[in-house]
Each structure stands twice: as structure tokens, then as C-alpha cells.
Amino acid sequence: MLPEDCVSIILSLTSPLDACRATLVSRAFRSAAESNVAWEKFLPSDYEDIVSRSITSLKFSSKKELYLHLCNPILIDGGRKSFKLDKSSGKKSYVLSSRELSITWSDRPEYWSWKPSLKSRFLEVAELRMISWLEIEGKIRTHMLSPNTMYRAYLLINITHRAHGLDLLPSDTFLEMGNQIISANTAYLSCKDKKKHQMECLFYGNRTQRTKSRVIEGDERFARERDDGWMEIELGEFFSGDEEGDQEVKMSLREIKGYQLKGGLVIEGIEVRPK
């Protein structure tokens with residue numbers, strides 16, 4: 001008995017998943033559940049700005065079509081970031097490319113090289129040639145994210161067959177919000193060649209034992225394989241807060257205590273996604 005516009009407004013107060021289910025109730029519900037009134041509420045408040053920053057033109061005939069389009073990653077800001085929506089909740093997630101990160105001495109070709117990768121969504125990735133001081137940091141502001149949402153940050157990496165010195169000591173991971181450290185842990189970068197890792201531990205054994213006391217205490221984390229051919233290491237989690245507040249979030253990984261030479265690490269970027 002309710003007007004279609006009224007049903008659309010009611011459905012807009014649910015979720016994208018609920019609206020899709022409502023299309024099965026009846027023809028009237030389907031029309032209301034697919035209306036622009038409902039789906040504009042599921043889009044982020046700054047969706048027009050996000051669409052304008054896409055490096056490719058997005059074609060859509062309805063707000064629902066735009067929403068579904070944004071559920072697949074799009075490149076924005078000159079291809080230096082990737083953006084997508086979670087399909088069931090509409091929460092935002094970003095991937096900051098390696099070019100958006102602060103990587104110590106990444107401008108020195110003797111330490112780092114920049115090259116294309118068929119596995120990457122970005123034009124290029126950073127590959128570590130050889131270095132003793134490993135420090136990677138990314139930044140994002142909470143106003144870019146969905147409000148009142150718990151987020152986790154992940155470093156996206158790969159390990160080449162020439163990798164060495166990466167797991168002799170765990171790397172330190174930090175997540176800072178404002179000027180406060182809210183997460184500090186350790187993480188191991190996976191080595192594919194176990195025999196090589198055992199030989200390195202034998203060769204650097206004494207140095208490893210001496211420096212382990214300088215590693216921060218916290219939960220030990222390990223790289224985990226993803227479906228897209230990359231691995232991810234959790235850097236920490238944080239709460240985005242309300243829309244009125246805006247804080248800078250710093251996410252970092254460091255291994256600066258062992259002094260051993262390291263190489264063979266490939267960095268795609270840092271992903272920030274809802275927990």
C-alpha cells in the first residue's frame with residue numbers, strides 16, 4: 001500500500017545485500033530496490049569526487065550500476081591509488097601504490113629498481129636490489145575512509161628467487177594515528193627457498209642472536225598468500241571515527257637493526273580495507 005518512493009527510502013536504510021534480496025519479493029519491490037533513491041544512499045558521500053579522479057571514464061546509467069562498477073577496483077589519482085567498495089557493505093578500501101609510499105633510498109638505483117609487473121594493478125612496482133636499512137611507510141587520512149569502521153592495513157609484497165637476508169630477523173611493524181602508536185608488532189617476510197634460509201641463518205647465526213634482543217616485543221606475524229598472486233603482511237588495525245574528525249594514519253614496516261644485506265623484496269603497495 002506504500003508509494004514506491006517510500007519503499008525506496010525504507011530500503012535505503014538497510015544494506016546493498018538486503019536491497020538485492022528485496023528484488024525477489026515482487027515487481028513493486030524490485031522497482032523500489034533498484035531505484036536511484038535507494039542506491040545513492042549506498043554510495044559513499046564523496047562518490048562524485050572519486051569518479052572524477054578515475055583515470056578511465058566510468059559509464060553507468062543508474063546509481064546501482066555505478067555501485068556495482070565501484071565494487072571492482074578502479075585506478076585513481078593518476079594511477080597511484082586503487083579504490084573499491086565492499087560489495088555487501090559499501091565500505092571503502094584503498095591500495096596505495098609503491099610510488100605513493102615513502103621507501104628509504106628508493107630513488108637510488110643501486111638499492112631499488114622500478115619495473116612493471118604483470119601481476120600488479122599499477123604501472124610499476126619497487127624491487128629491492130640490496131640494502132641493509134629497510135624502511136617503508138604509507139599515510140592515509142581517515143576522512144578518505146568509511147566512517148565508524150574498523151580498518152586493517154596490509155603491506156603487499158612478493159619475494160623473488162634471488163631473495164636473501166629478509167628473514168634473519170623479524171621486521172618491526174607500526175601503525176600510528178595522530179601522534180600515538182596504536183599498534184607495534186613483528187613480522188616475517190616469507191622466503192621461498194627454505195634451504196637458502198637455513199644457510200643464511202647458519203652464516204649469520206651469531207649476529208642474529210646478538211640482535212634479537214633489540215627487536216620489539218609483540219605478536220609475530222607472517223606473510224600470507226592472496227588470490228591475486230601477491231602476499232600480504234598485516235601492519236595493524238584502527239578505527240576510522242566519525243565524519244567530522246580527520247586524522248592521519250601512518251603504516252610502516254622497518255628492519256633497521258640487523259645490518260645484514262637484504263634483497264629480492266618486491267613491493268606493490270599498502271592496502272587499507274575494512275576488517
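These are my notebook entries on a predicted model of one protein.

**Entry 1: the whole chain**

I began with the overall make-up. The protein has 275 residues, and 47% of them are buried. I found eight helices and 15 strands. I then looked up contacts between residues at least 6 apart in sequence, and 70% of these join residues at least 24 apart.

**Entry 2: helix α1**

I went to helix α1, which covers residues 4-12, and asked which of its residues are buried. They are V7, S8, L11 and S12. Looking down the axis of α1, I saw that these buried residues fall within an arc of 140°, so they line one face of the helix. I noted what covers them: α2, α3 (27-33) and α4 are among the elements that do so.

**Entry 3: helix α6**

I repeated the search for helix α6, residues 63-70. Here K63, K64, L66, Y67 and L70 are buried. The list includes two lysines, K63 and K64. Why do I say that the buried residues of α6 line one face of the helix? Seen down the axis, they fall within an arc of 160°, so one face holds them. The cover over these residues includes three helices, α2 (16-22), α4 (36-42) and α5 (47-52), along with two strands, β1 (74-76) and β2 (81-85). I wrote down that α2 and α4 are also named in the cover of α1.

**Entry 4: strand β8 and its partners**

Next I took strand β8, residues 150-164, and looked up its pairing with β13, residues 231-239. The two strands run antiparallel and are joined by eight bridges. As an example I picked I157 in β8, whose bridge partner in β13 is M231. I also found that β8 pairs with β15, residues 263-274, again antiparallel, through ten bridges. In that pairing, I159 has L265 as its bridge partner.

**Entry 5: residue T160**

I stayed in β8 to look at T160. Is T160 buried or exposed? Its relative accessible area is 15%, and buried means under 20%, so T160 counts as buried. I set aside its neighbours within four places in sequence and looked for other contacts, which are E127, G264 and V266. I also checked T160 against L128, which is 32 residues away along the chain, and their C-alpha atoms are separated by 9.7 Å. A general point belongs in this entry: in a regular strand the side chains alternate between the two faces of the sheet.

**Entry 6: the open sheet**

I traced a sheet of six strands and wrote its order as β4-β7-β14-β9-β10-β11. The sheet is open, and its pairing is mixed. Which strands are at the edges? They are β4 (102-103) and β11 (220-222), each of which pairs on one side only. I followed β11 to its partner β10, residues 180-188, and found that the two pair in the parallel sense over three bridges. One residue I checked in this pairing was T186, whose bridge partner in β11 is E220.

**Entry 7: the largest pocket**

Last, I looked at the largest pocket, which holds about 370 Å³ of space. It is lined by 21 residues, and those closest to its centre are P44, S45, S146, P147 and E243. I sorted the lining by class and got six nonpolar, nine polar and six charged residues.

Note on methods: Residues are numbered from 1 along each chain as its sequence is written. This is a predicted model: local features need pLDDT of at least 70, side-chain atom pairs count only at pLDDT 80 or more; totals for chains, interfaces and linings use all residues. Side-chain values use heavy atoms; hydrogens and water are left out. On a 1 Å grid over the protein atoms alone, a cavity is a set of points where a 1.4 Å probe fits but cannot get out, and a pocket is an open set with protein on both sides within 12 Å along at least five of seven lines; lining residues have an atom within 4 Å of a point. Grid points are joined across faces, edges and corners, and a volume is the space filled by probe spheres set on the points. Ala, Val, Leu, Ile, Met, Phe, Trp, Tyr, Cys and Pro count as nonpolar, Asp, Glu, Lys and Arg as charged, and the others, Gly among them, as polar. Two strands pair if DSSP finds at least two bridges between them. Helices (H or I, at least four residues) and strands (E, at least two) are DSSP runs, numbered from the N terminus. Buried means under 20% relative accessible area, exposed over 50%, partly exposed in between (1.4 Å probe, protein chains only). The arc is that of the directions from the helix axis to the C-beta atoms. Contact means heavy atoms within 4.5 Å.
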